[in-house]
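Reader: Hello! Please walk me through this one step by step, and spell out your cut-offs as you go.

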Amino acid sequence: MHLFLKCLTEPRRKTDAKILIFCNIQKECIAFLLFCTNFVTYSYLIIMGFFSSLFGKEKKEALDKGLEKTKTSVFSKISRAIAGKSKVDEEVLDNLEEVLVTSDVGVDTTLRIIERIEARVARDKYVSTDELNEILRDEIASLLEENNTDLKGDFDVPEGKHPYVIMVVGVNGAGKTTTIGKLAYQYKKAGKKVVLGAADTFRAAAIEQLAVWGERVGCPVIRQNMGSDPAAVAYDTISSAKAQDADVVIIDTAGRLHNKINLMNELTKIKQVMKKIIPDAPHDVMLVLDGSTGQNAYEQAKQFTKATDVTSLAITKLDGTAKGGVVIGISDQFKIPVRYIGVGEGIEHLQVFDRREFVDSLFKNEEK
Ligand SMILES: Nc1nc2c(ncn2[C@@H]2O[C@H](COP(=O)(O)OP(=O)(O)OP(=O)(O)O)[C@@H](O)[C@H]2O)c(=O)[nH]1
Ligand SMILES: [Mg+2]
């Protein structure tokens, strides 16, 4: 018989004792269950914390490595700029201005940075040249944070946009197709169903290149023959993605210059065709810029954004160049957010652009 019922049928004193034992057993069971739950929760948090710090560390290392050339160049210029000086004065500020301009930060952004450092020097009276890296890091990071609002989530799909359609544009060789492959990989890793569209029908090799990325990532690539209408490919891609209930669609386009009117009109046509299936598509028109071209990347961004609607920027090839300062200038000067940076050719070498992490990595002085 159940212990509790048994207690009810037995003489009173004996029953009391049994109820007491029963209650104690119950309490111990509950305590044990609570302990198990807490143990599982804490273990989960510790394991998740471990992995996220591991991935965070890997991301940081890839960024540090990718920015190595820019960093070496900026540091050697700063060392020259402050040689023999212990205090940040007019002359050091003049030299610093030159360092920033020649590091592709851009004139406007450089002037804004120098103004901020001047204000700091005026306020603190004595600023030692030893502190200059740290000051630069703080002032640039807060300048970039002032002008921009942070974009949400890493590889999340905004609510109500299903599938989320990204159209990738830019000049020849900027890194569009590679960025699409890396993006597809990240979305897939985040558990999203991705479909790619090979709307660069200009060259057979371009279609093949995207197909190879599709295979690597494990996502379908919608394609037609070389020379077919890019808008038709975009239409097929979106229809297929919708039928498959995909989360993300990324459309590759041929490289084009902003001043080639026909090619720019082609982009408009691709967009209009997409709208027949998803009225608010494309949700993101991403302009890919080659960071290693320095000042040229600014020009491209300026001209391209004038010629067509662009909603986000990706700056590639920051590894292997000393012109990484361009990201600071572009992020400061354009209303359009820099969303991603490319720090290598590998599938993992695309990062969500985090202003503070970027500036930290650039101005971190390892010798200290
Ligand atoms: N080092 C480095 N190379 C990159 C990066 N992104 C792209 N590349 C290389 O840049 C070259 C051109 O990249 P693509 O992705 O083909 O450029 P695209 O804009 O699609 O070129 P078109 O289709 O011809 O207009 C390739 O060799 C890529 O491997 C990067 O972040 N770092
Ligand atoms: Mg391409």
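Author: Helices are DSSP runs of H or I with at least four residues, strands are DSSP runs of E with at least two, and both are numbered from the N terminus. This is a predicted model, in which local features need pLDDT of at least 70, side-chain atom pairs count only at pLDDT 80 or more, and totals for chains, interfaces and linings use all residues. Residues are numbered from 1 along each chain as its sequence is written, while chains are lettered from A and ligands numbered from 1 in the order in which they are written.

Reader: How many helices and strands are there in the chain?
Author: Those DSSP runs are what gets counted here. The chain holds 13 helices and 8 strands.

Reader: What percentage of the 368 residues is buried?
Author: A residue is buried if 20 or more other C-beta atoms, placed from the backbone, lie within 10 Å of its own, exposed if 12 or fewer do, and partly exposed in between. Of the 368 residues in the chain, the buried ones make up 38%.

Reader: In what order do the strands form the sheet?
Author: Two strands pair if DSSP finds at least two bridges between them. The sheet is open, and its pairing is mixed. Its edge strands, each pairing on one side only, are strand 3 and strand 8 (350-352). The 8 strands follow the order 3-2-4-1-5-6-7-8.

Reader: Which strand is joined to strand 5 by 5 bridges?
Author: Strand 5 covers residues 284-290, and 6 of its 7 residues are buried. There are 4 bridges between it and strand 1, which runs parallel to it, with V168 opposite M286 and V169 opposite L287. M286 also stands opposite S312. The parallel partner that shares 5 bridges with strand 5 is strand 6.

Reader: Which helix makes a β-α-β unit with strand 5 and strand 6?
Author: The unit is right-handed, meaning that, with the strands pointing away from the viewer, the path from the first strand over the helix to the second runs clockwise. The helix of this unit spans residues 295-307 and is helix 11.

Reader: What angle does helix 8 make with strand 2?
Author: Axes are lines fitted to C-alpha atoms, for helices over the stretch in contact, and angles run from 0 to 180 degrees between N-to-C directions. Contact here requires C-beta atoms, placed from the backbone, within 7 Å. Helix 8 (residues 204-217) lies across strand 2, strand 3 and strand 4. Its angle to strand 2 is about 170°.

Reader: What arc do the buried residues of helix 9 cover?
Author: P230, V233, A234, T237, I238 and A241 are the buried residues of helix 9. They are on the same side of helix 9 because their arc around the axis, taken from the directions to the C-beta atoms, is only 130°.

Reader: Which helix do the buried residues of helix 9 pack against?
Author: Among the elements they pack against are strand 1 (164-169), strand 2 (194-199) and strand 4 (248-253). The helix in that list spans 261-275 and is helix 10.

Reader: Which residue just after helix 9 takes a positive phi?
Author: Helix 9 itself runs over residues 230-243. Just after helix 9, a phi of about 60° belongs to D245.

Reader: Is D104 buried or exposed?
Author: D104 sits in the loop between helix 4 (90-102) and helix 5 (107-124). Its phi is near 65°, a positive value in a residue other than glycine. With 29 other C-beta atoms within 10 Å, D104 is buried.

Reader: And is K125 buried or exposed?
Author: K125 belongs to the loop between helix 5 and helix 6, and its phi, near 60°, is positive too. Its C-beta neighbours inside 10 Å number 7, so K125 counts as exposed.

Reader: What is the omega of the peptide bond from A281 to P282?
Author: P282 lies in the loop between helix 10 and strand 5. The bond from A281 to P282 is cis, with omega near -5°.

Reader: Where is P163, whose peptide bond from H162 is cis?
Author: The omega of the bond from H162 to P163 is near -5°. P163 is in the loop between helix 6 (132-147) and strand 1.

Technical notes
The expected span of a helix is 1.5 Å times one less than its number of residues. The arc is that of the directions from the helix axis to the C-beta atoms. Two residues are in contact if their C-beta atoms, placed from the backbone, lie within 7 Å.
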